[in-house]
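Thanks for coming, everyone. Please bring up the sequence and the model, and keep both in view while I talk.

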Amino acid sequence: MKKHITAFFMAWGMFCAIPCPYRKWDEAARGWMLVYLPVVGLLTGGIWALLVWGFGALGYTGALAAAVLMAAPYLLTGFIHLDGFMDCCDAILSRRDLPERQRILKDSHVGSFAVICVALLFLGGFAAFGDMDFAASWPAFVLIPAVTRCNAVLAVQRIAPMHTSQYAGGFEKEKTRAQCVALLIELALLLLAAGFLAAYGRVAALAAVILAGLVCQLCCCGASKNLGGMSGDISGFSVTLGELTGVAAMAVLGGFF
């Protein structure tokens with residue numbers, strides 16, 4: 001039990017900008033750290049949903065609200081997933097050969113493709129929140145960050161890592177069947193919670209959660225194929241696009257369901 005508690009706080013300290021109350025690193029718990037990333041996603045999603053609900057309760061749906069809600073998930077995670085998104089955009093859109101794409105992925109310099117894609121990402125998120133009914137949409141935001149992270153970690157478990165990735169070497173050897181089972185249980189519980197929302201008239205929330213997870217999984221598959229294996233950058237890239245999909249789905253479908 002102590003190993004699992006440590007793994008949870010390791011995930012919190014690494015993937016969330018909210019100050020972690022218990023900071024300890026244990027190599028024996030490293031293999032389980034990513035299993036608790038969806039739980040950290042619930043923490044992030046809970047705060048995100050609270051902000052959406054708060055703006056809805058105040059009746060304020062202006063440009064400032066859209067800007068705050070668009071920026072919230074990046075601020076709450078310390079931009080760690082956004083960093084992976086930018087790195088992947090530079091590498092994938094370079095259209096170079098595989099060794100050069102992998103070199104660009106690890107390059108700390110920011111390229112023009114990353115800047116353009118971040119601008120489009122922010123524009124899309126801002127526009128989606130500008131068209132959204134906050135009062136009806138907020139429950140979905142508890143689940144969207146968790147389901148995207150769950151799908152990203154499942155991809156890490158099943159896709160061979162890039163040879164330059166932090167998932168290669170010792171981390172690859174720490175993967176176990178128990179971890180996969182735990183992740184599948186987490187995913188099932190998240191979908192069950194989304195189904196519960198649908199049963200109470202929030203069908204758009206169910207659709208948004210499913211689409212966010214599906215897009216995240218597809219991005220993991222496509223990007224890992226393009227870049228020669230799975231990596232942390234690809235996880236961040238996929239989580240970011242999955243979350244944008246969930247936000248866009250709520251903006252579009254919220255008016256119909």
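One term before we start: a residue is buried when its relative accessible area is under 20%. This is a predicted model, by the way. Now take Trp48 and Phe141: both are buried.

These two also form an aromatic pair, and the pair is edge-to-face. Their rings sit 4.9 Å apart, centre to centre, with 70° between the planes. Where are they along the chain? Trp48 is in helix 3, residues 37-58, and Phe141 is in helix 9, residues 140-158, so the pair ties together parts that are 93 residues apart in sequence. The count of aromatic pairs comes to 12. There is also an aromatic cluster, formed by Phe8, Phe9, Trp12, Tyr22 and Tyr36.

Next, the empty space. How many cavities of 30 Å³ or more does the structure hold? Two.

Start with the largest cavity, at about 80 Å³. Trp48 turns up again here, in the lining. With it are Met70, Pro73, Tyr74, Leu121, Gly125, Phe129, Glu243, Leu244 and Val247. Which helices supply at least two lining residues each? Helix 4 (63-76), helix 7 (112-130) and helix 13 (232-253). By type, the lining has eight nonpolar residues, one polar and one charged.

On to the second largest cavity, with about 40 Å³ of space. Pro73, Tyr74, Thr77, His81, Leu82, Arg149, Val239, Thr240 and Glu243 line this one. Look back at the lining of the largest cavity: Pro73, Tyr74 and Glu243 are in that list as well. For the second largest cavity, helix 4, helix 5 (80-93) and helix 13 each give at least two lining residues. Helix 13 has the largest share, with three. The split here is four nonpolar, three polar and two charged.

Last stop: Gln179, in helix 11, residues 177-199. Is Gln179 buried or exposed? Its relative accessibility is 2%, so Gln179 counts as buried. What does its side chain meet? A polar atom of that side chain lies 3.2 Å from the backbone oxygen of Gly31. The side chain of Gln179 also makes a polar contact with the side chain of Gln157, at 3.3 Å. Now set aside the neighbours within four places in sequence: Gln179 is in contact with Gly31, Trp32, Val35, Gln157 and Glu174.

To recap: a buried aromatic pair, Trp48 and Phe141; two cavities of 30 Å³ or more; and Gln179, buried at 2%. Thank you.

Conventions. Residues are numbered from 1 along each chain as its sequence is written. Side-chain values use heavy atoms; hydrogens and water are left out. On a 1 Å grid over the protein atoms alone, a cavity is a set of points where a 1.4 Å probe fits but cannot get out, and a pocket is an open set with protein on both sides within 12 Å along at least five of seven lines; lining residues have an atom within 4 Å of a point. Grid points are joined across faces, edges and corners, and a volume is the space filled by probe spheres set on the points. Helices (H or I, at least four residues) and strands (E, at least two) are DSSP runs, numbered from the N terminus. Ala, Val, Leu, Ile, Met, Phe, Trp, Tyr, Cys and Pro count as nonpolar, Asp, Glu, Lys and Arg as charged, and the others, Gly among them, as polar. Buried means under 20% relative accessible area, exposed over 50%, partly exposed in between (1.4 Å probe, protein chains only). A polar contact is a pair of N or O atoms within 3.5 Å; within protein, one must be able to donate a hydrogen and the other to accept it, and residues adjacent in sequence count only if both atoms are side-chain atoms. Contact means heavy atoms within 4.5 Å. Rings of Phe, Tyr and Trp (its six-membered ring) pair if their centres lie within 6.5 Å; planes under 30 degrees apart count as stacked, over 60 as edge-to-face and the rest as tilted.
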